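Please look at the sequence and the structure below. Some questions and answers follow them.

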Amino acid sequence: TVNKEYNGEVTFYNSTMWLPDLYAVKFVPQTINPSAEYNKTDRQAQITVTEDCNAAVVFAAYNSEGILESLSVRENTKLKKGSQNIKPEENFNDNVFRVEVFVWDSLENMKPEI
């Protein structure tokens with residue numbers, strides 16, 4: 001991952017001589033798309049954020065009728081720029097139809113981070 005743009009030149013050669021062509025190379029920052037996905041097998045969410053932040057990570061488990069069955073809240077979770085895995089509380093029941101992961105700045109403001 002490159003955090004800034006860089007310019008450089010690369011000279012190509014073969015085993016007998018330098019080749020005369022110069023090529024400009026530009027490295028650009030990697031685009032990070034915020035996301036939060038739960039993996040039932042690993043019982044954890046992979047969360048990707050664009051910058052370091054403290055967040056409230058909420059795991060919500062729904063049955064096939066869309067009724068909330070289980071909830072786990074991880075307040076003040078330190079998330080670093082990029083991807084990391086976060087687990088719900090031990091008593092979280094993910095043996096349901098669907099698990100959603102919400103990432104908010106806090107439970108007071110509930111501004112979505114993702």
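The questions below concern a predicted model, and they move from the sheets to single residues and pairs.

Q: In what order do the strands of the open sheet that holds β5 stand?
A: This open sheet has three strands, and the pairing is antiparallel. β6 (68-79) and β8 (98-104) each have a single partner strand, so both stand at the edges and one side of each is left without a neighbour in the sheet. Neighbouring strands are turned by 15° against each other on average, direction ignored. The order is β6-β5-β8.

Q: Which residue of β8 is the bridge partner of F59?
A: Strand β5 covers residues 53-62. β5 and β8 pair in the antiparallel sense over seven bridges. In β8, the partner of F59 is V101.

Q: Which strands are the edge strands of the sheet β3-β4-β7?
A: Three strands form this open sheet, with antiparallel pairing. An edge strand here pairs on one side only, and this holds for β3 (35-39) and β7 (82-86). Neighbouring strands in this sheet are turned by 20° against each other on average, direction ignored. The edge strands are β3 and β7.

Q: Which residue in β7 does V49 stand opposite?
A: Strand β4 takes in residues 44-49. Five bridges join β4 to β7, and the two strands run antiparallel. Opposite V49 in β7 stands G82.

Q: Which residue takes a positive phi in the hairpin of β3 and β4?
A: β3 and β4 pair in the antiparallel sense over five bridges, and Y38 stands opposite A45 in β4. The hairpin has four residues between the strands. The residue with a positive phi, near 55°, is R43.

Q: With which residue does the side chain of R43 meet in a salt bridge?
A: R43 is partly exposed because its relative accessibility is 28%. The N to O distance in the salt bridge is 3.2 Å, and the partner is D94. R43 lies in the loop between β3 and β4 and D94 in the loop between β7 and β8, so the pair ties together parts that are 51 residues apart in sequence. At 10% relative accessibility, the buried partner is D94.

Q: How many salt bridges does the count come to?
A: One salt bridge joins R43 and D94. Another joins R98 and E100, with the closest N and O atoms 2.9 Å apart. R98 is partly exposed at 32% relative accessibility, and E100 is partly exposed at 29%. The count comes to two.

Q: Is S72 buried or exposed?
A: S72 is found in strand β6. Its side chain reaches the backbone nitrogen of E89 at 2.8 Å. Leaving aside neighbours within four places in sequence, S72 is in contact with V57, V58, F59, P88, E89 and F92. Its relative accessibility is 0%, so S72 counts as buried.

Q: Which residue has a side chain joined to that of N63 by a polar contact of 2.8 Å?
A: N63 has its place in the loop between β5 and β6 and is buried because its relative accessible area is 17%, where buried means under 20%. The N63 side chain also reaches the backbone nitrogen of E65 at 2.8 Å. Not counting residues up to four places away in sequence, N63 touches E69 and F97. The side-chain partner is E69.

Q: How many residues apart in sequence are the parts tied together by the pair of Y38 and F59?
A: The two rings form an edge-to-face pair, 5.9 Å centre to centre with 75° between the planes. Y38 is buried at 16% relative accessibility, and F59 is buried at 0%. Y38 lies in strand β3 and F59 in strand β5, so the separation in sequence is 21 residues.

Q: Which residues form one aromatic cluster?
A: A search of the whole structure finds four aromatic pairs. Among them is the edge-to-face pair of Y38 and F92, at 6.2 Å centre to centre and 75° between the planes. Y38 lies in strand β3 and F92 in the loop between β7 and β8, so this pair ties together parts 54 residues apart in sequence. The cluster is formed by Y38, F59 and F92.

Methods: Residues are numbered from 1 along each chain as its sequence is written. This is a predicted model: local features need pLDDT of at least 70, side-chain atom pairs count only at pLDDT 80 or more; totals for chains, interfaces and linings use all residues. Side-chain values use heavy atoms; hydrogens and water are left out. Two strands pair if DSSP finds at least two bridges between them. Axes are lines fitted to C-alpha atoms, for helices over the stretch in contact, and angles run from 0 to 180 degrees between N-to-C directions. Buried means under 20% relative accessible area, exposed over 50%, partly exposed in between (1.4 Å probe, protein chains only). A polar contact is a pair of N or O atoms within 3.5 Å; within protein, one must be able to donate a hydrogen and the other to accept it, and residues adjacent in sequence count only if both atoms are side-chain atoms. Contact means heavy atoms within 4.5 Å. Rings of Phe, Tyr and Trp (its six-membered ring) pair if their centres lie within 6.5 Å; planes under 30 degrees apart count as stacked, over 60 as edge-to-face and the rest as tilted. A salt bridge is a side-chain nitrogen of Lys or Arg within 4 Å of a carboxyl oxygen of Asp or Glu.
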